[in-house]
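Please look through the sequence and the structure shown here before reading on; the paragraphs that follow take up one topic at a time.

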Amino acid sequence: MLQHFDPRNNNIQVFIKDRLYPREAAKVSVFDSSVQGGDAVWEGLRVYPEGIVCLDKHLTRLQESAKTLAFTDIPSKEMIKRAIKETLDANGMNNDTHIRLTLTRGEKITSGMDPRLNQNGSCLIVLAEWKPLVYDNNSGIKVISSSQRRNAPQFLDSKIHHNNLLNNILTKIQANVAGKDAGLMLDERGFVAELNGSNLFMVKNEKVYTPFGHACLPGITRNTVMEMCAAEGIAIEEADLSLSQFINADGVFATGTMGELTPVVEIDGRSIPKEDALMQNVLKLFKKKVRGYCESF
Ligand SMILES: Cc1ncc(COP(=O)(O)O)c(C=O)c1O
C-alpha cells in the first residue's frame with residue numbers, strides 16, 4: 001500500500017515552535033535534534049468534526065515519552081492544544097485530517113548527541129494534512145513477517161513513542177520488496193509483537209486476543225478496542241501468540257489512528273478469513289463509536 005500525494009495539501013500551513021509557516025517554508029534547522037539523532041517524540045492524531053480521537057491520551061503519551069527521554073521543557077497540554085487549534089483553523093480542517101504531532105529536543109549549539117547541547121528549547125511541530133483512512137478497511141491488507149525484531153525494554157522501550165523508527169522502516173522495506181501492505185514484527189522470543197505501524201488482534205473460537213504490550217507500542221486504538229470489548233461483554237485477552245496462531249485464526253485485524261480497524265487477509269501467503277461474525281461485530285462497533293471518542297478543545 002503506497003499513500004498518494006493529495007493536492008489539497010499543497011498549500012497547508014504548518015506550526016513549528018511558535019508560529020505557522022506555509023508548507024514550502026516549514027523546515028527545522030540542520031542542528032535540530034531530530035535531524036542529528038532522531039531525538040524526538042511524536043503522535044498521530046485523527047480529526048473528526050466532533051474533535052480529535054482520544055486527544056488527552058495522545059498528549060499524555062507524548063509528554064510521558066518526552067519525560068522518559070529527559071526533555072527539560074515539555075509543553076503543557078493547553079499549549080499543545082492551542083497550537084493544534086491554530087493549525088486546524090488556518091487550514092480550514094475539521095474532517096478527513098491526520099495530524100503528525102512531533103516534539104523534538106530542539107536546536108543544538110553544535111552537532112553532537114549530548115542533550116546539554118540543546119540550549120534553545122524544545123520544538124513542537126503540528127503537521128496537519130488532508131488524509132482519509134489510509135487502508136481500504138473492507139478489502140483488508142496483506143502482510144509478511146519480517147526478520148527485524150520489535151524492540152523490547154532490554155533494547156529500547158517500545159512504550160516510548162520516539163522517532164528512531166529504523167526497525168519499523170526496515171520491516172516496511174521488507175514488506176515493500178515482497179509486494180505486501182505491511183510487515184509483521186516478532187518480539188525477541190519469536191512471538192508476534194505488532195505490524196510496522198499498527199497493533200494486531202486475532203479472533204479464535206469466539207474470543208479476541210492481542211499480544212502482550214512489552215514489545216509493541218501501547219497503541220491508543222488498541223487500548224480503546226480492549227476497553228470497548230470489555231464493556232460489550234466480548235471476551236478479550238492479552239497473550240503470547242505465535243505466528244501459527246495468527247495464521248490459523250478465525251480473523252485478524254490491525255489497529256491504529258492512521259487506518260483505524262483493518263482486517264488482515266493474508267499472512268506470509270496464507271489467507272485469513274475476514275467474515276468471522278465476532279470480528280465483524282468488533283469492526284462495526286468501533287466504527288459506530290469512534291466519533292464518541294473525539295474530544296473537542
Ligand atoms: C509501531 C506502531 N504501532 C502501533 C501504532 C498505533 O498506535 P495508535 O493506536 O496510538 O495510533 C503506531 C502509531 O503510531 C505505531 O507507530
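How do the residues of the shell around the ligand divide into nonpolar, polar and charged? In this predicted model, the shell consists of 2 nonpolar, 10 polar and 2 charged residues. Among the 14 residues around the ligand, those that come nearest are Gly219, Ile220, Thr221, Gly256 and Thr257. Two elements, α5 (220–231) and β13 (251–256), each give two or more residues to this shell, and the largest share, 3 residues, comes from α5.

A second place to look is helix α4, which runs over residues 166–177 and, with its 12 residues, reaches 16 Å from its first C-alpha to its last, close to the 16 Å expected at 1.5 Å a residue. Its buried residues are Asn168, Thr171, Lys172 and Ala175, and because these cover an arc of only 100° around the axis, they lie on the same side of α4. The buried residues of α4 pack against β7 (141–145) and β8 (182–186), whereas the face turned away from that buried side carries the exposed residues Leu166 and Val177. After the helix comes Gly179, whose phi is positive, near 75°.

Finally, consider Lys289, which lies in helix α7 (residues 277–289). Is Lys289 buried or partly exposed? Lys289 counts as partly exposed because it has 13 C-beta neighbours inside 10 Å, where 20 or more would be needed for a residue to be buried. Along the chain, Lys289 and Met228 are 61 residues apart, and their C-alpha atoms are separated by 9.1 Å.

Terms used. Residues are numbered from 1 along each chain as its sequence is written. This is a predicted model: local features need pLDDT of at least 70, side-chain atom pairs count only at pLDDT 80 or more; totals for chains, interfaces and linings use all residues. Helices (H or I, at least four residues) and strands (E, at least two) are DSSP runs, numbered from the N terminus. The expected span of a helix is 1.5 Å times one less than its number of residues. A residue is buried if 20 or more other C-beta atoms lie within 10 Å of its own, exposed if 12 or fewer, and partly exposed in between; C-beta atoms are placed from the backbone. The arc is that of the directions from the helix axis to the C-beta atoms. Two residues are in contact if their C-beta atoms, placed from the backbone, lie within 7 Å. A residue is near a molecule or strand if its C-beta atom, placed from the backbone, lies within 6 Å of it. Ala, Val, Leu, Ile, Met, Phe, Trp, Tyr, Cys and Pro count as nonpolar, Asp, Glu, Lys and Arg as charged, and the others, Gly among them, as polar.
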